[in-house]
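User: Please take a close look at the part of this model marked out below, and at what surrounds it. I would like one connected account, with the cut-offs behind each term.

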Amino acid sequence: MKIKLKNTEMLLLLSIILIERSISDFLMSNSAGDFYAFVLALYFLGVLGVIFSRFLLIVSCISLAGVELFVGIRILLAGEDSLMIGLSVIVLGMCMMYFVLQNLRFDLNKDSRIFLSNSSSEYAVEVIDVYKDYVTEGGVVHALRGITLKVKRGEFIAIMGPSGSGKTTLLNIIGALDRPTKGKVLIDGIDISKLNDDELSYLRNKKIGFVFQTFNLINRTSVLRNIEMPAIVAKVPRKERIKRVKKLIKIMGLDESMLSRRPVQLSGGQQQRVAIARALMNDPTIILADEPTGNLDSKTGHEIMKYLRMLNEKFGKTIIVVTHDRSVAEMANRILHIRDGKIIKEETLRKR
Ligand code: ADP
Ligand code: MG
């Protein structure tokens with residue numbers, strides 16, 4: 001449970017603690033001194049929880065909620081006059097329990113990876129009857145018009161089609177960067193339309209690596225920083241990050257001396273290899289590449305495709321490459337041809 005609290009959660013917790021403390025204070029000040037000390041201790045536990053971890057937060061919230069319920073019941077038992085106060089304290093306690101349970105659910109999702117790892121689907125990606133409309137000033141653009149495709153785990157497929165046929169739109173929808181107007185996308189058997197924003201960004205960060213035509217590296221900062229970025233987002237400790245970066249640049253045939261340079265100081269081919277290393281940083285199962293060779297000469301482009309093939313063959317990565325270049329697409333196991341937002345043809349080039 002290493003996830004830091006969001007600001008709103010912190011505020012919520014603090015107010016819960018303050019409300020709890022003032023109520024207990026008010027209700028108990030004339031009687032139970034011990035009880036008051038107990039509440040104060042819980043208060044500090046709550047503060048510690050905010051500072052250190054969500055786990056402590058949850059423990060303290062459960063305790064505080066328990067206190068609420070206990071106080072409420074005591075007041076209720078005390079006599080008829082205090083019925084309303086007793087009931088409202090109980091309601092407050094139940095609200096706190098609800099908050100805690102919400103957070104617990106959230107934590108279970110993240111930490112035991114229930115929603116990501118227990119999948120038994122044989123497909124890494126399933127796209128089911130997906131439509132995408134863009135509403136523009138000039139009218140509605142039907143970018144995708146009923147796309148269905150399935151990609152097995154460890155498969156390497158290419159999506160080919162002319163400019164404007166919907167390739168980027170399709171890839172962005174598969175990668176959960178965009179939502180379909182209609183239809184479903186399943187990643188490892190999980191319907192991503194059912195995930196909330198937190199779960200979606202978790203999925204993108206951990207399961208999917210993106211590679212773009214224009215590399216999309218941050219030139220203000222070093223190659224090292226660029227590659228480790230997804231792991232920073234995932235809160236991987238620094239030592240572990242550096243270890244992974246070193247391993248990845250070796251896999252991608254880059255030199256350690258490049259780590260301190262800025263991306264612009266590298267050749268196009270090297271920059272794209274840095275971008276692929278970045279995509280691999282959190283060890284995703286799926287790599288989505290949108291015209292990864294589009295800004296490279298054909299020899300360098302071929303080299304990049306050889307790296308993607310190697311990642312597929314040696315590390316079992318599921319790879320989807322979008323391209324309009326036949327020689328690039330031929331590196332895949334299978335080519336899907338798309339035109340005007342529809343798949344018009346499928347070719348199997350080699351069995352896996
Ligand atoms: P490709 O990657 O195959 O070149 P795209 O997926 O980028 O094709 O685009 C498919 C169609 O959708 C094109 O007609 C394009 O103009 C349109 N399109 C893409 N993105 C948008 C957008 N954000 N708003 C409006 N129309 C868009
Ligand atoms: Mg495109």
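Analyst: Asp-188 is a buried residue, with 23 other C-beta atoms within 10 Å; a residue counts as buried if 20 or more other C-beta atoms lie within 10 Å of its own, as exposed if there are 12 or fewer, and as partly exposed in between, with C-beta atoms placed from the backbone. This is a predicted model, in which local features need pLDDT of at least 70 and side-chain atom pairs count only at pLDDT 80 or more, while totals for chains, interfaces and linings use all residues. Residues are numbered from 1 along each chain as its sequence is written, and chains are lettered from A and ligands numbered from 1 in the order in which they are written.

Asp-188 sits in the loop between strand 4 and strand 5, where helices (H or I, at least four residues) and strands (E, at least two) are DSSP runs numbered from the N terminus. Its phi is near 50°, a positive value in a residue other than glycine. The loop belongs to a hairpin of strand 4 and strand 5 with 2 residues between the strands. On either side of this turn, Ile-187 has Ile-190 in strand 5 as its bridge partner, and strand 4 and strand 5 run antiparallel, joined by 2 bridges; two strands are taken to pair if DSSP finds at least two bridges between them.

The hairpin is part of an open sheet of 4 strands, in the order 2-1-4-5, with antiparallel pairing. Strand 2 and strand 5 (190-191) stand at the edges with a single partner strand each, so one side of each is left without a neighbour in the sheet. In general, strands of a sheet pair through backbone hydrogen bonds, either parallel or antiparallel. Moving inward from strand 5, strand 4 also pairs with strand 1, in the antiparallel sense and over 5 bridges, and there Ile-128 stands opposite Lys-184 in strand 4. Strand 1 in turn is joined to strand 2 by 11 bridges, again with the two running antiparallel, and Val-125 faces Val-151 of strand 2 across this pairing.

Helix 6 lies across strand 1, strand 2 and strand 4 (182-187), and runs at about 125° to strand 1. Here axes are lines fitted to C-alpha atoms, for helices over the stretch in contact, and angles run from 0 to 180 degrees between N-to-C directions; two residues are in contact if their C-beta atoms, placed from the backbone, lie within 7 Å. The helix is mostly covered, with 6 of its 8 residues buried, namely Lys-167, Thr-169, Leu-170, Leu-171, Ile-173 and Ile-174. Just after helix 6, Ala-176 takes a positive phi of about 60°.

The sheet and helix 6 also contribute to the surroundings of ligand 1. A residue is counted as near a molecule or strand if its C-beta atom, placed from the backbone, lies within 6 Å of it. Strand 1 (123-136), strand 2 (139-152) and helix 6 (167-174) each supply at least two residues of the shell around ligand 1, and the largest share, 3 residues, comes from helix 6. Among the residues of this shell are Tyr-134, Thr-136, Val-141, Ala-143, Lys-167, Thr-168 and Thr-169, as well as Gly-161 and Gly-164. By class the shell has 3 nonpolar, 8 polar and 1 charged residues, where Ala, Val, Leu, Ile, Met, Phe, Trp, Tyr, Cys and Pro count as nonpolar, Asp, Glu, Lys and Arg as charged, and the others, Gly among them, as polar.

A positive phi in a residue other than glycine also appears at Glu-291, where phi is near 45°. Glu-291 is in the loop between strand 7 (286-290) and helix 11 (298-315), and this residue is buried, with 22 other C-beta atoms within 10 Å.

As for the whole protein, there are 12 helices and 10 strands, and buried residues make up 36% of its 352 residues. The mean pLDDT (the predictor's confidence in each residue, from 0 to 100) is 83, and 74% of the residues reach 70 or more. Over residues 106-116 pLDDT stays under 50. Where pLDDT is low, the predicted coordinates should not be read in detail.
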